[in-house]
Amino acid sequence: MLYYLFDFLNKKMDLLGAGVFQYISFRAGMATLFSLLITITFGKQLINKLRRKQVGETVRDLGLDGQIEKSGTPTMGGIMIILAIVIPVLLFSKIDNIYIILLLVSTVWMGLIGFVDDYIKVFKKNKEGLQGKFKVFGQIGLGLIVGLTLFYHPDVTIREFASPVSVSEGVEMVSEKSFEDVKSMVTTIPFFKDNEFDYSSILPFLPDGYTVIIYVLWVIFIVTAVSNGANITDGIDGLAAGTSAIIGLALAIFAYVSGNAIFSQYLNIMFIPNSGEIVIFCAAFVGACVGFLWYNTHPAQVFMGDTGSLSIGGIIAVLALVVRKELLIPVLCGIFLIENLSVIIQVSYFKYTKKKYGEGKRVFLMSPLHHHYQKKGIHESKIVNRFWIMGILLAIISVATLKLR
């Protein structure tokens, strides 16, 4: 909203300094600052309100050190994260941008699913929360919205240049009509030199109309997998928020270079028109996650609950899709992946051994993986710090794929 106000003041009144709102870097910085201020300033008030409403976490005794002490800690702190994302994005981004609209819808959509789940757990005293099938239906619904929008919306394009772009020709536009915006469902394959993959080439013998089915199913899978991965990772203080902030920063870099004609040409990656605005969303997202850590680091004063974990997982999935880096998710979101896999391996092996030998056996002391290390006697702060370090390494590897081809 402020972008349009200052754009008007700059063009119509020539107000000194108003033109600074044209710069993505400035608006991204302001979005980060505001998201931090919202979480840190109003976070304490929200925590106190949740405590008065007795919105506390019910903790099962799983034999983990320090676990029982967490019982009663306010949950549903994801509301803080959502507000710290939505408000700065509305203030500093171009809200008519299709990518911003899609990301805002994704944030609220997944946040509502998580909120209902937390509400049932806290106020209905049902530890199971929202039935799994309804969560899946919600994730499928978001996948349909995202997949169909990216496939059919006319503003979702890539730009093909007829000639090299000079520095003087700017970030989003060039001085002459030396480019063409094309509707294409290509994405990026990491680590390969000719690194573009077209979804229409998966089953080339089928008519073009079937490509949308393949693409939408893939989007649904990504949204479901990443949001569940974030949800599972949210098991100890600060782990999900810190890991998500690292991932969000890497995605901000991808969004910036993909929306910059000079950098995209230099790195030989696809130029995505209007994707520069995604940087502002990423900045607010990172600021919200870091600000939430003010109250969520050990010992946590508040938990994000499914309200936060499902929303940040959905956001990361949609961010990766809109910047066309979804095939990089196994690397970039490696922490989420290994946490997911640890649960799948544990459950599958237990069922297999129980069926074969009559007694279930386990691969890990406990799943998800972070609980395995807790069972080994490692303090949760050390586990979180080491997971963050691994997340930073994975983010560096992901960003390095821009040149490692």
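What follows is a short tutorial dialogue on reading cavities, aromatic rings and buried residues in a predicted model.

Q: Before we start, what kind of model is this, and which residues and atoms count?
A: It's a predicted model, where local features need pLDDT of at least 70, side-chain atom pairs count only at pLDDT 80 or more, and totals for chains, interfaces and linings use all residues. Residues are numbered from 1 along each chain as its sequence is written, and side-chain values use heavy atoms, with hydrogens and water left out.

Q: How many cavities of 30 Å³ or more does the structure hold?
A: First the idea: on a 1 Å grid over the protein atoms alone, a cavity is a set of points where a 1.4 Å probe fits but cannot get out, and lining residues have an atom within 4 Å of a point. Grid points are joined across faces, edges and corners, and the volume is the space filled by probe spheres set on them. Here you get three cavities of that size, and the largest has a volume of about 80 Å³.

Q: Which residues line the largest cavity?
A: Among them are Tyr99, Leu150, Met185, Tyr199, Tyr215, Arg324 and Glu326. Strand E3 (186-188) and helix H10 (305-322) each supply at least two lining residues; helices (H or I, at least four residues) and strands (E, at least two) are DSSP runs, numbered from the N terminus. By class, the lining has nine nonpolar, one polar and two charged residues. For those classes, Ala, Val, Leu, Ile, Met, Phe, Trp, Tyr, Cys and Pro are nonpolar, Asp, Glu, Lys and Arg are charged, and the others, Gly among them, are polar.

Q: What about the second largest cavity?
A: That one holds about 70 Å³ of space. Of its 11 lining residues, Thr188, Pro190, Asn195, Lys325 and Thr401 are the closest to its centre.

Q: How many aromatic pairs are there?
A: A pair of aromatic rings is described by the distance of the centres and the angle of the planes. Rings of Phe, Tyr and Trp (its six-membered ring) pair if their centres lie within 6.5 Å; planes under 30 degrees apart are stacked, over 60 edge-to-face, and the rest tilted. This structure holds 11 such pairs. In one of them, Phe197 and Tyr199 have ring centres 5.7 Å apart and planes at 75 degrees, so that pair is edge-to-face. Phe197 is partly exposed at 25% relative accessible area, while Tyr199 is buried at 4% (buried is under 20%, exposed over 50%, partly exposed in between, with a 1.4 Å probe and protein chains only). Tyr256 and Phe263 have centres 6.0 Å apart and planes at 50 degrees, so they're tilted. Phe151, Tyr152, Phe197, Tyr199 and Tyr215 form one aromatic cluster.

Q: Where does a lysine lie over the face of a tyrosine?
A: The test is that NZ of Lys or CZ of Arg is within 6 Å of the ring centre and within 35 degrees of the ring normal. Lys361 lies over Tyr357 at 5.0 Å from the ring centre, and Lys403 lies over Tyr266 at 4.7 Å.

Q: Glutamate 339: buried or exposed?
A: Buried, at 0% relative accessibility. Glu339 lies in helix H12 (residues 334-357). Leaving aside neighbours within four places in sequence, Glu339 is in contact (heavy atoms within 4.5 Å) with residues including Ile232, Thr233, His370 and Phe387.

How values were computed:
1 Å grid on protein atoms, 1.4 Å probe; cavity = no way out; pocket = protein on both sides within 12 Å on 5 of 7 lines; lining within 4 Å.
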